[in-house]
Amino acid sequence: MCVREARAGAPPNSSVRAHTLERALAYRAHALGALVRAGADELEQAWRRWLNAGLGGRAASEAIGRTAALQLDAAVDAAHRCVHRTEWGPECVHVCEAAVCAALSAVCDDAYRTCHAQLDLAYAAHLHALRAVTPEQLGIPAALCGPAASALRPAAALLRELPAQLTWRAQLATVADACEETCVLAAALAGSAIGADELVPAFALVLLLARVGQLPSRLLLLADTQADGTLGREGYALATAHAALELLAAAAAAAAAHAATAVSYTHLTLPTKRIV
């Protein structure tokens with residue numbers, strides 16, 4: 001019987017049993033968290049050595065993410081073995097995974113934000129530059145342009161939940177849910193199924209509506225810490241998100257070029273011909 005079943009059970013001592021199981025889960029999560037914190041300390045020391053040596057960048061962050069993924073997998077495997085040996089339910093695995101991610105997130109978040117600070121800064125600048133962009137300017141098909149901004153808000157609301165998720169697996173699922181919701185909503189607007197050519201600009205608009213901070217480094221971390229993160233619906237969602245980020249960058253560059261051209265025309269002085 002798992003914690004959720006213990007809470008809903010009819011026996012009079014069910015509340016006592018639920019409390020006992022919750023304490024056991026908390027103890028197991030604490031024990032695994034302590035174990036992984038030791039690994040996280042070693043990981044942080046390695047990261048600091050690389051940083052001091054000027055070895056940042058994509059290679060360093062990927063090494064940090066892959067190592068963290070191995071530690072997470074080992075802890076989750078241990079939690080699964082506990083489930084098989086005891087009467088604890090799958091909730092044990094979820095609680096332990098959350099504890100492990102919490103122990104590893106500090107060093108991983110710091111590493112990815114440091115290595116990819118320029119990407120995050122550029123993304124923030126793109127969001128600012130495109131705050132008044134229209135769906136047409138993002139390349140969304142004409143049939144979707146009218147109600148697109150308001151119709152896609154549910155997908156943006158899903159994506160805003162990304163930072164609040166306790167595990168990397170849950171964060172990746174949130175990105176996939178938002179991408180899938182975008183596809184469903186855009187197809188409903190179009191009246192037929194849509195392809196990548198329509199989905200990418202629609203998801204770019206969702207990114208603008210959601211305005212999730214430091215999204216590029218978050219997506220890289222999620223890709224590196226999930227062994228199967230490049231497969232299935234999660235992998236498709238990550239690819240769509242990266243394509244949407246590239247589209248936003250191109251749209252921001254086009255907007256900047258248009259603004260610069262407008263300024264040059266404003267200050268243009270036409271030569272005058274003197275009549276004698």
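How many disulfides does the count come to? The count comes to zero disulfides, a disulfide being a pair of cysteine sulfur atoms within 2.5 Å. The structure shown is a predicted model, in which local features need pLDDT of at least 70 and side-chain atom pairs count only at pLDDT 80 or more, whereas totals for chains, interfaces and linings use all residues. Residues are numbered from 1 along each chain as its sequence is written, and side-chain values use heavy atoms, with hydrogens and water left out.

**View 1. The whole chain, with twelve helices and zero strands.** Helices (H or I, at least four residues) and strands (E, at least two) are DSSP runs, numbered from the N terminus. Of the 276 residues, 42% count as buried, where buried means under 20% relative accessible area, exposed over 50%, and partly exposed in between, with a 1.4 Å probe and protein chains only. Among the contacts (heavy atoms within 4.5 Å) with a separation of 6 or more, 78% join residues 24 or more positions apart. The chain exposes about 14800 Å², of which carbon and sulfur atoms supply 59%, by the Shrake-Rupley method with a 1.4 Å probe, for which, in the case of residues, only the protein chains shown count as cover.

**View 2. Helix α9, residues 168-190.** This helix of 23 residues reaches 33 Å from its first C-alpha to its last, close to the 33 Å expected at 1.5 Å a residue, the expected span being 1.5 Å times one less than the number of residues. Its buried residues include Trp168, Gln171, Leu172, Val175, Cys179, Thr182 and Ala186. An α-helix has 3.6 residues a turn, so residues three or four places apart point the same way. Just after α9, Gly191 takes a positive phi of about 80°.

**View 3. The cysteines Cys115 and Cys179, both buried.** Cys115 has a relative accessible area of 16%, and Cys179 has a relative accessibility of 3%. Cys179 is in no disulfide, and the nearest cysteine sulfur, that of Cys183, is 7.0 Å away.

**View 4. Confidence along the chain, with a mean pLDDT of 76.** The pLDDT is the predictor's confidence in each residue, from 0 to 100, and 67% of the residues score at least 70. Among the elements of the chain, helix α8 (residues 153-160) has the highest mean, 95, and helix α1 (residues 3-8) the lowest, 36. Over residues 1-14 the pLDDT stays under 50, and the model has 15 contacts beyond four places in sequence for them. Residues 263-276 also have pLDDT below 50, and this stretch has zero contacts beyond near neighbours in sequence. Where pLDDT is low, the predicted coordinates should not be read in detail.
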